[in-house]
Amino acid sequence: MANMKLSRRELLVSAAGATLASCEQTVVPQRTGPFTLGRTGTIYIDGTVPLALGRAIVQRMNGVAGIPDVTSVPSLKSSPDLILTFGKLPPGYTDTSIGTSPVTAITHLRVPIDSITTAQARALLNGTITDWSTLGGPYSLPVHLFALQGLALPPSVLLANNVHSVQTADALLSAVRSQAGSIALVPVELADWSVRNLGIDGVYPAQGRGDARQASFASLALRIGAANKLVERGLNIHSL
């Protein structure tokens, strides 16, 4: 145990768990109630949720709201009991927010910029700025914009038409690592030291630098949805 060290990803997940646990609607709610599922529940963690964060939350859900335990399923085809997402729920599910995650700008490590303004961030995202040298970089480096498919970004964020859409959070992280000049907005739990956390107006959420409450973009809502058929049977969605 003396030689064990937590990775940056593990530290972020631990911090996220503490943040979510402190929310008014916590991931670890009352463990008693009239509803009883009577079997293992199923949960689908969609592509907007970093896998490590999804697994950490699933571990906290055993015995919650009358569901004895849960197991994850790989798709929506099996009509899961629960869905975890930073996006929108499909029809047939009732959802509630269980926490928030600061919007974090990540770039490839070769991007020679440490911090930008909100106006510059908007220009990068909407395609007005197409080369990092425009922001003071010492050499020409084209901007490559990536986005996470299904992620519910704040309404104030406008993305250029040439954005590269990626299906899962972890695939997006890999894409940003691989493409020089890349940039993406992601939940803070996805960031690690293999990418640069680009500061916006002096706020670096993944590094814990700056006041995240003063961030330029609104935080992302992490939502959990329960199948309507379970809600109709008495499952209290607000206790998930």
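What is the volume of the largest cavity? About 80 Å³. That space sits in a predicted model, and the sections below walk through the chain around it.

## The chain as a whole

Let us start with the overall inventory. The chain has five helices and eleven strands. Of its 240 residues, 48% count as buried. The exposed surface comes to about 11,500 Å², and carbon and sulfur atoms supply 52% of that area.

How much of the contact network links residues 24 or more positions apart? Taking the contacts with a separation of 6 or more, such pairs account for 75%.

## The five-stranded sheet

One open sheet is built from five strands, and reading across it gives the order β2-β1-β3-β11-β4, with mixed pairing. Its edges are β2 (70-73) and β4 (93-101), each of which pairs on one side only. From one strand to the next, the twist averages 25°.

At the β4 edge, the partner strand is β11 (residues 220-227); the two run antiparallel and are joined by eight bridges. If you would like a landmark for this pairing, look for Asp95, which stands opposite Gly225 in β11. Helix α2 (residues 51-59) lies across this sheet, over β1 (41-45), β2, β3 (82-85), β4 and β11. The helix runs at about 160° to β1.

## The six-stranded sheet

A second open sheet has six strands in the order β6-β10-β5-β9-β7-β8, and here too the pairing is mixed. The edge positions belong to β6 (115-116) and β8 (164-166), and each of these pairs on one side only.

Within this sheet, β7 (residues 144-148) and β9 (residues 182-187) pair in the parallel sense over two bridges. His144 stands opposite Ser182 in β9. Helix α4 (residues 169-178) packs on the sheet, where it touches β5 (103-107), β7, β8 and β9. The direction of α4 makes about 170° with that of β7.

## The cavities

Back to the opening question. A search of the whole structure finds three cavities of 30 Å³ or more, and the largest has a volume of about 80 Å³. The general idea is a simple one: rolling a probe the size of a water molecule over the atoms shows where empty space is left.

Which residues line the largest cavity? They are Val103, Thr104, Ala105, Leu185, Leu198, Ile200, Val203, Pro205, Ala215, Ser216 and Phe217. Two strands, β5 and β10 (196-200), each supply at least two residues of this lining. The largest share, three residues, comes from β5.

## Two residues with positive phi

Two loop residues deserve a closer look at the backbone. Most residues other than glycine have a negative phi. Ala65, in the loop between α2 and β2, has a positive phi near 55°. Ser79, in the loop between β2 and β3, also has a positive phi, near 50°.

Are these two residues buried or partly exposed? Ala65 has a relative accessibility of 10%, so it counts as buried, the limit being under 20%. Ser79 has a relative accessible area of 45% and is therefore partly exposed, since that class lies between the 20% and 50% limits.

Definitions and conventions:
Residues are numbered from 1 along each chain as its sequence is written. This is a predicted model: local features need pLDDT of at least 70, side-chain atom pairs count only at pLDDT 80 or more; totals for chains, interfaces and linings use all residues. Side-chain values use heavy atoms; hydrogens and water are left out. Two strands pair if DSSP finds at least two bridges between them. Helices (H or I, at least four residues) and strands (E, at least two) are DSSP runs, numbered from the N terminus. Axes are lines fitted to C-alpha atoms, for helices over the stretch in contact, and angles run from 0 to 180 degrees between N-to-C directions. Contact means heavy atoms within 4.5 Å. Buried means under 20% relative accessible area, exposed over 50%, partly exposed in between (1.4 Å probe, protein chains only). Accessible areas come from the Shrake-Rupley method with a 1.4 Å probe; for residues, only the protein chains shown count as cover. On a 1 Å grid over the protein atoms alone, a cavity is a set of points where a 1.4 Å probe fits but cannot get out, and a pocket is an open set with protein on both sides within 12 Å along at least five of seven lines; lining residues have an atom within 4 Å of a point. Grid points are joined across faces, edges and corners, and a volume is the space filled by probe spheres set on the points.
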